[in-house]
Amino acid sequence: MQELINRTKELLADGTVARVLGWRRGDLPTNPEPAYFNDGESLSEFVYNGFCGANLSKYMIEASELDGRTLVFLKPCDTYSFNQLLKENRVDREKAYIIGVGCKGKISEASLNAIGIKNVIDVKGAELTDACDTLTIETLTGNTTCAYRDAMLERCHVCRGKEYVVYDELIGDSADTVDGDRFDEVRKIEAMSPEERFAFFKAELSKCIRCNACRNVCPACSCRKCVFDSTKFDSAQKANSDSFEEKMFHIIRAFHVAGRCTDCGECSRVCPQGIPLHLLNRKFIKDINTLYGDFCAGESAEGATPLTSFTFGDAEPGTV
Amino acid sequence: MNKSDLLAEQIREISGVNPKKCMKCGKCSATCPSFDKMDIKPHQFVSYVDNDDIEPLTKSKSLWHCLSCFACVERCPRGVKPGKLIDAARQIAERQRGGDYLTPDEIPELFDEDTPQQLIVSAFRRYRK
Amino acid sequence: MKYSYYPGCTLKSKATALDKYARASAAALGIELEEIDEWQCCGGVYPLGSDEIATKLASVRNLAAARDRGQELVTLCSACHHVLKRVNDDMRNVDDIRTRANNYMQLETPYAGETKVLHFLEVLRDVIGFDELKKKVVNPLTGKRIGAYYGCLLLRPGKLMAFDDPENPTIMEDFIRAIGAEPVVYPYRNECCGGYISLKEKERSKYLCLDITGSAKGWGAQMLITACPLCLYNINKAAGDVLPVYYFTELLAEALGVKEAADNE
Amino acid sequence: MPMNDNAEFRPKIVAFCCNWCSYAGADLAGSSRLTYPADVKIIKVPCSCRVNPMFILRAFEKGADGVIMCGCHPGDCHYSTGNYYARRRMTLLFSMLDYIGVEHGRTRVEWVSAAEGVKFSATMNEFVEKIKSLGKNVRLGDLRCRS
Amino acid sequence: MQRIGVFVCHCGSNIAATVDVKKVTETALMEPGVVHAEDYQYMCSEAGQAKIAAAIAEKNLTGIVVCSCSPRMHETTFRTCAERAGINPYMVEIANIREHCSWIHKDVEEATKKAVILMRAAVAKVNLNTPLKPGESRVTKRALVIGGGIAGIQTALDIADAGYEVDIVEKTPSIGGRMSQLDKTFPTLDCSACILTPKMVEAAAHDKINIYTYSEVEQVSGFVGDFTVDIRKKARSVDMNKCTGCGLCQEKCPSKKTPSEFNRGLNTRTAIYTPFAQAIPNVPVIDREACIKFKTGKCGLCSKVCAAGAIDYEQKDEIITRKYGAIVVATGFDVIKLDKYDEYAYSQSRDVITSLELERIMNAAGPTKGHLQRLSDGREPKNIVFVQCVGSRCADERGKSYCSKICCMYTAKHAMLIRDKYPDVNVTVFYIDVRTPGKNFDEFYRRAVEEYGVNYIKGQVGKVCPEPDGSLTVYASDLLDNKQLRMSADMVVLAAAIEPSASVRQIATMLTASIDTNNFLTEAHPKLRPVESPTAGVFLSGVCQGPKDIPETVAQAGAAAVKAIGLLAKDKLMTNPCTAKADELMCNGCSQCANVCPYGAISYETRLVMGPGVRENRRVAVVNNALCQGCGACTVTCPSGAMDLQGFSNRQIIAEVDAICR
């Protein structure tokens, strides 16, 4: 972390960048939040640790409108989002100075909760200075430990790798964290009966409170005006509880980002209701890979997406 | 599916060849170095498989005369690879009992002092299971 | 420059000439050929069937050994080269074969086609360069008219072997030029000598070899060169009286002035 | 009025037809007097690529029991390529509906040329039968965020 | 709020027998926005239309719904009627209660119910309709033809004869194209030059045709009716106005070693050259790569011998910028390179040649003065083998997947001509299929076999081996006899596949005209619009669209000309108003829509966007109404819905959905 701060100070001092987009300590040790830093002093607030799961790419849309270059820290998976935004002309490459930061897998309080560690006060071992395999967690009910791996976000267990698809310089090493196949969950659902699938999604989607956290965090959901807020489809929010978007919001959202979603997993990470929203996106990714050939959004900043291209021999609807 | 269809399916699978792609130009047979020795010619192998007529192929002399020189594979304008079909038929023949074309006791008389190991090994690989 | 080296069975017995002259020449050119440990016979022919796994395992072991040494794998014999290159391609690109082969082998690190397989001629062309080779020749074979005999295995299937143009190759001709001799191009240089069929069908092989040597001689060749022990054997047996045939490494050693030393080793 | 449980289920079916092929195919079915149930109501769009997945979901939300989209055969699109895009979009959308447990068969795509009046009518007959066998669409109506 | 009138047609008994039209009319009055409803026996009749016009006037209607037959039948009728009565034609919608209702349903109650729903959907849509105005764009009365072969020449002549100015841009120093390289033409065997040269002369002399040879299209902007094109006129180094075409410069030029492009490299030409004797214009060019003066600064011989003082070493490339209403692409073809097919020994023996090379050999003005001879030793061949489908119908990347179409016929022609002139030469043709669908084509082929004794063998050639004695050994299959043949020949002629000229990719990109995987230009519709590109105002002539022989090329050239004339004849273009439109306040500028637009109608501009709380420069999508054909592909690609289709807007379609599902 100190290395990041030192380098950042240099870049601020020599005028290469006008500001820094990073993470700062939040109200709890487990929720650092994205933040701008405008000078060396403010960097005292800067953190980079295992809890910094937040993908900063989307903030670069607004940063691209500001004067001067913005230094942004991107983890390997975040660079795909940035690249995708680049492809869609939403960010300005010239306005970004990208430091690719090492990532050893990101952890979350929700993951701790899921393994039975609740009421977290503080966590030691998430600083990433050394290879830290064990977390020591201070809770209201005393100290406990767990393996770093067990506190990792789902997306890190199926991490796409350590490659940065776009960057200016790299600091820090990344670790292999993969121990699962990212389509396993999708396959599991596909194997269920239609009734089970329906029950599963009904149960999950019923939890939605339409807080729009998923939409706000999603780097692919960057429309100036969301279709669900617009009058163009008569689909804008109304008081009525069974209005169109209440039911179809998540399907349409997944469809709108199909072929553009980099599977960054932020939607599931931020959902306050814990809905596994990534399962919808991954279904599209899996279908696209199977039907139209492997495609990885954000891998390239050029070319058409699977939904803006075709082949003469594509599968027929309803046959798959 | 009857036996012949099954065998045809098996040949298509082992060889990875789609006989439907053949446009019957005969280029494979045009330069086959073993053409004269073959009772069923390379281009005919493709039609036989396409017609699910496999029995004659597994009994064909051609199996033991194909050199696997890939001339037909290289020159085929349709990517049909007749040589791979012949090899697949050979596999099927050899996997059946008594299908071997070479036995170890034949070797001494076929051998001379310069015979490279490679020859014996290759012949064994191609001529028996 | 260090390479893993796979000699293959015949080079340790009937084709020692192919092997020893290559080693001597390699040393003279500053290339270290390190024989991989406990290499196994590649099987001589590439098993074409998509369900053939067991017959490919020996090649996978050889390939994995080179991978574990972190080196590219150099071969000399056309047949070994053909088999190793194609099995390697299977391991890299055919999911089914890779999965099944790795399941059988239980290697410490599964093998997925990481090794690059090179023929010694490719090393001469792409690493050393024929122009450089020419500079190192001390004993040019001036005046010799040599026909390159490629046979089938080095060139085909062209897309997979990616060795040279399968219908109009130039690598051996360029090699012949580099050692100071004159290449003779003749149309049968990429036609088959009969291969393993000569074991039971000597007459057929003879017929083919006579076409090859007859054509080469007609175009003015005084000798043939080859990279394959089986081609050499078949041509020698069937048509040795028409044209002599040598391993390309023997002429290379001669041109580099290391042949005698190699013979005396 | 008391609900009559024995009344025959009459599904609501929306058919999106492209102007150049399928709408003309439906016209041909009409002029050839090839009947199909009145449950099918056609909406004309310029091309199958104009059909937004939101239209289909909207139809279900408003109580449709089945939605079918018809367009020119691949390769015959009036706009050259429109139906190729439509094909990908619908393939993915239908797969997603299936994934979330909506009955397979409530959605369908059929390529109908202007000459295929017979096909148009046969397709609609078939589709109505299918929807009748599936019964009323409850699931899409039920898949709401607040239970 | 709209004031909508609903008009229900009985269509005699066609509708009224099954649909209770009165009920539909009554129900209509309860729909939102509907202020008038009436039924009539034949709405499309003059009396019916008069009723509509009267209602518009009386009730001050703003929108019309006609419940009648299919819109494909009478939409235009009712729209025109509405326009005459003073409302925008796009405020009219049709509810199809005949083809989609009365004709297919028998039960009156059921049919009436459905008719009501269809009426409601139409009313719901009209409630959201907005007046649309077709755009207008002007038409520049001049056409550009790219390519000066027979296709381009014919197109230019036809357009010019109709009275419009035409410019031909030709890359090489002369017009004439491939046809000028041919000796005779099938199936009539008339001499190619004899029929082509008069056309070339006619084009050159035509007062409406302007020919730019040795020139290339550099840049294209604009759209149908109003293209702006930059043409690079390469420096000829010879003053076109002064040169008399005497040819002395070419006689004296000491640089004689450049392979002749016209003769397919079979002989050489000088550095200052005209490609062939009948070249138009008959003004040479200096090939600066080959010219000694340009390479070393010394020589200047041509300048010394030119009495007219036409040689100008200082000449520079010139860019001409011109406006055109229509562009015709006629870029033609080339034969494929055969370096990947060396089993046929093309690069190993001079006696293995392509059919186009044979044309030059057979041509009296060719390198052998028309004498059939081997290029290696000048001997007359005794045995000639023709190989068909070299690189055509290939599934691999060596060749082309398509049939080149012309080879079967020109091979029959070659075989016949050879047998005619040299009766003791044996001619063998190896074929896979002989394809002769054309007027007098099969008869022609049969003549080659029956009257001229050409030996046709079904089977492909596998390898050609040059022998030390100069002969060629041909290995081939005889499939009908199930034999492998080993045949000795003196000459082998390869029917190499044809492919679109290499330049076509660049031209297609400039024109935003689409090309297929084989680089052939795509037609707007494969059956119904075969000579138009999907890009409005761009037309296709000749082989650039697909393999063709001369009569087909000329026919298509004429068709392309007619299409171009049809466009040029208009003073203004009315554009379809149902085009896509981007809401710039919502547009993300993500370019996704442009990816799916088949017409290249969407571009991006950075412009000042103003709206509530917004005033900034943004990259936004802009639809060119002249190019957009209104398919709507972009609207679905757009996630925010910023892109919408006028006349079929998201809200309109959703209103219809809602009305049907109500």
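Colleague: How many residues do chain B and chain E each bring to their contact?

Modeller: Two residues are in contact if their C-beta atoms, placed from the backbone, lie within 7 Å. By that criterion, 17 residues of chain B and 18 residues of chain E take part. Helix α2 (residues 27-30) is the main contributor on the side of chain B that touches chain E, giving three residues; helices (H or I, at least four residues) and strands (E, at least two) are DSSP runs, numbered from the N terminus. That side of chain B comprises six nonpolar, five polar and six charged residues. Here Ala, Val, Leu, Ile, Met, Phe, Trp, Tyr, Cys and Pro count as nonpolar, Asp, Glu, Lys and Arg as charged, and the others, Gly among them, as polar. This is a predicted model, in which local features need pLDDT of at least 70 and side-chain atom pairs count only at pLDDT 80 or more, while totals for chains, interfaces and linings use all residues. Residues are numbered from 1 along each chain as its sequence is written, and chains are lettered from A and ligands numbered from 1 in the order in which they are written.

Colleague: Which chains share the most contacts?

Modeller: Of the six pairs of chains in contact, that is chains D and E. Their contact draws 36 residues from chain E and 35 residues from chain D. On the side of chain E that touches chain D, α18(E) supplies the largest share, eight residues. By class, this side of chain E holds 19 nonpolar, 10 polar and seven charged residues.

Colleague: Which pairs of chains do not touch?

Modeller: Two such pairs can be named. No contact joins chain A and chain B, whose closest C-alpha atoms are 16 Å apart. Chain C and chain D do not touch either, with 26 Å between their nearest C-alpha atoms.

Colleague: How is the covering of a helix to be read, and which residues of α3(B) are buried?

Modeller: A residue is buried if 20 or more other C-beta atoms lie within 10 Å of its own, exposed if 12 or fewer, and partly exposed in between, with C-beta atoms placed from the backbone. Helix α3 (residues 42-50) of chain B is mostly covered, with seven of its nine residues buried. These are B:Pro42, B:His43, B:Gln44, B:Phe45, B:Val46, B:Tyr48 and B:Val49. Their cover includes α1 (3-15), α2 and α6 (82-95) of chain B, and also β25 (472-478) of chain E. After α3(B) comes B:Asp52, with a positive phi near 55°.

Colleague: Which residues have the most contacts inside the largest nonpolar core?

Modeller: A nonpolar core is a set of buried Ala, Val, Leu, Ile, Met, Phe, Trp, Tyr and Cys residues joined through C-beta atoms within 7 Å. The largest has 472 residues, and E:Cys67, E:Met119 and E:Val492 have the most contacts inside it. Helix α5(E) provides its largest share, 11 residues. Beyond neighbours within four places in sequence, E:Met119 is in contact with residues including E:Val6, E:Val24 and E:Cys67. A second, separate core has 17 residues, among them E:Val238 and E:Ile286.

Colleague: Why does the radius of gyration of chain C agree with a compact globule?

Modeller: The radius is taken over C-alpha atoms, and the globule rule is 2.2 Å times the number of residues to the power 0.38. For 265 residues the rule gives a value near 18 Å, and chain C has 18 Å, so the two agree. The C-alpha atoms of chain C fill a box of roughly 55 × 40 × 30 Å along the principal axes. Of its 265 residues, 57% count as buried. Chain C contains 12 helices and eight strands.
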